[in-house]
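User: Please take one buried polar residue in this model and look closely at its surroundings. Then follow the links outward as far as they lead.

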Amino acid sequence: MQLSTVRGQGRDDLNASESTARVLLSSLSKVPHAVRSFALSAPEATGRYKVKPGLLALLESYDLVQRRHGEVYFDVTDLMNIEFHLGGGPLTASLRRFWPAMLRRLPEPGPVVFDIGLDVECPSPGHPGGCDFAAALPGGRTRPIPSPAALGEPATWLPVELPTRWPELPAAARQIIDGMREIRFVRLPNGADWDDAGFVQRTGLSDCAVFSRLLVERATQGGVPMRQSYGLMIAPPFALPHHWAEVRVDGVWVPIDPLLLGALVSWQVLDARSWPVYRSPRATFWRLAGGFTPIVTHN
């Protein structure tokens with residue numbers, strides 16, 4: 001997963017206890033091996049996701065590894081879950097540190113304006129012709145992106161303006177959310193033949209994509225106008241691709257994310273009284289489409 005850049009800076013200093021890690025790995029062990037992708041070696045897991053050797057050994061003790069030719073390989077989604085829940089890398093910094101900080105400091109009178117920098121990289125170096133990049137915009141529109149002038153510099157900056165005030169959710173929408181508030185957040189792997197919705201119902205574990213889909217399905221069945229959304233979750237200095245739901249209230253689509261707010265409260269980085277799961281994250285979500293769409297396309 002690639003992070004877009006939002007102007008600003010920060011760092012992450014989170015650590016995790018072994019008991020917390022064991023609770024997480026016990027949950028992850030419920031995910032079928034068949035949908036895992038054991039692609040990263042121990043040095044890659046340590047280098048890319050900052051997972052310490054002790055945690056890698058703990059993964060191995062839960063049989064969350066694959067052994068090939070005398071080497072041990074780890075699943076990318078498992079490593080991302082460790083980073084999200086236990087700390088250690090840029091994804092954690094965005095989700096556990098910068099997003100709560102962003103939620104707390106949003107101004108009441110709106111709107112708020114962000115500059116989002118998009119990094120681009122050719123996926124097929126050496127192909128004939130030049131690179132033709134484009135950025136996704138709301139409403140199915142696109143914007144051409146010039147090739148980056150310097151390595152590590154954003155190829156383009158997108159100005160984004162978002163409101164900070166939203167209507168309160170009606171009682172019917174809150175009731176739908178109440179019926180799903182026991183579901184806990186984890187990243188889930190993608191698998192064409194995997195019944196992810198059935199997995200969520202059996203285990204009470206879900207990622208944001210599946211949770212938002214199930215939430216919208218239940219709302220539709222209950223007569224509550226709700227839609228799925230995909231775009232960027234803005235948490236300077238990062239912007240992270242994300243799925244959430246939106247409720248139509250008085251003609252306004254109000255963004256909600258009870259799954260992630262519940263996780264942040266359980267991690268004690270948000271206060272439950274100030275941030276109940278019904279509260280809208282407001283101007284931290286920039287909607288591009290109703291489902292997954294490439295944020296940057298190439299040729």
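Analyst:
**Ser-41 and what lies beyond it**

Leaving out residues up to four places away in sequence, Ser-41 touches Val-72, Tyr-73 and Phe-74. The model is a predicted one. Ser-41 sits in strand β2, which covers residues 38-41. Is Ser-41 buried or exposed? Its relative accessibility is 14%, and because buried means under 20%, Ser-41 counts as buried.

One of those partners leads further. Phe-74 touches Ser-41, and Phe-74 is in contact with Leu-79 as well. With neighbours within four places in sequence set aside, the other contacts of Leu-79 are Leu-40, Ala-45, Tyr-49, Val-51, Leu-56 and Leu-59.

Leu-79 in turn belongs to the largest nonpolar core, which has 73 residues. Leu-79, Trp-99, Leu-169, Phe-185, Leu-215 and Met-226 have the most contacts inside this core. Helix α8 contributes the largest share, 7 residues. There is a second, separate core of 24 residues, with Leu-106, Val-120, Trp-286 and Ile-295 among them. As background, nonpolar side chains in soluble globular proteins tend to be buried together.

Trp-99, one of the core residues just named, is the next point to follow. Trp-99 is buried in helix α5, and so are Leu-91, Thr-92, Ala-93, Ser-94, Leu-95, Arg-96, Phe-98, Pro-100, Met-102 and Leu-103. Helix α5 runs over residues 90-105 and has a kink of about 40 degrees at Phe-98, shortly before the proline Pro-100.

What touches Ala-235, apart from its neighbours within four places in sequence? Its contacts are Ser-94, Phe-98 and Trp-99, three residues that are buried in α5. Ala-235 lies in strand β11, residues 226-235. Its relative accessibility is 0%, so Ala-235 counts as buried. Ala-235 and Ser-61 are 174 residues apart in sequence, and their C-alpha atoms are 35 Å apart in space.

The loop between β11 and β12 holds Pro-237. The peptide bond from Pro-236 to Pro-237 is cis, with omega near 15 degrees.

Strand β12 (238-249) leads to the largest cavity, where β12 and α8 (208-221) each supply at least two lining residues. How many cavities of 30 Å³ or more does the whole structure have? The search finds 1, and the largest cavity holds about 40 Å³ of space. Its lining consists of Cys-208, Phe-211, Ser-212, Leu-215, His-243, Trp-244, Ala-245, Ile-256, Asp-257 and Pro-258. Leu-215, a core residue named above, is therefore part of this lining by the criterion of an atom within 4 Å of a cavity point. α8 gives the most, with 4 residues. By class, the lining has 7 nonpolar, 2 polar and 1 charged residues.

Phe-185, another of the core residues with the most contacts, leads to an open space. The second largest pocket has a volume of about 470 Å³. It is lined by 22 residues, and those nearest its centre are Arg-184, Phe-185, Ala-263, Ser-266 and Trp-267. At least two lining residues come from each of α1 (18-28), α4 (76-86), β9 (184-185) and α9 (258-266). α9 gives the most, with 5 residues. The pocket lining has 14 nonpolar, 5 polar and 3 charged residues.

Back on the side of Ser-41, the loop between α2 (42-49) and α3 (53-61) contains Lys-50. Lys-50 is not a glycine, although its phi is positive, at about 60 degrees. With a relative accessible area of 46%, Lys-50 is partly exposed, because that class lies between 20% and 50%.

Asn-299 makes a useful comparison. Its phi is near 50 degrees, a positive value in a residue other than glycine. Asn-299 lies in the segment after β15 (296-298). At 56% relative accessibility Asn-299 counts as exposed, whereas Ser-41, at 14%, counts as buried.

Key: Residues numbered from 1 in each chain as written. Predicted model: local features only at pLDDT ≥ 70, side-chain atom pairs only at ≥ 80, totals over all residues. Heavy atoms only, no water. Bend = angle between axes of the 7 residues up to and from the residue. Buried < 20%, exposed > 50% of the residue type's maximum accessible area, 1.4 Å probe, protein only. 1 Å grid on protein atoms, 1.4 Å probe; cavity = no way out; pocket = protein on both sides within 12 Å on 5 of 7 lines; lining within 4 Å. Points joined across faces, edges and corners; volume = space filled by probe spheres on them. Nonpolar A, V, L, I, M, F, W, Y, C, P; charged D, E, K, R; others polar. Core = buried A, V, L, I, M, F, W, Y, C linked by side-chain atoms within 4.5 Å. Contact = heavy atoms within 4.5 Å.
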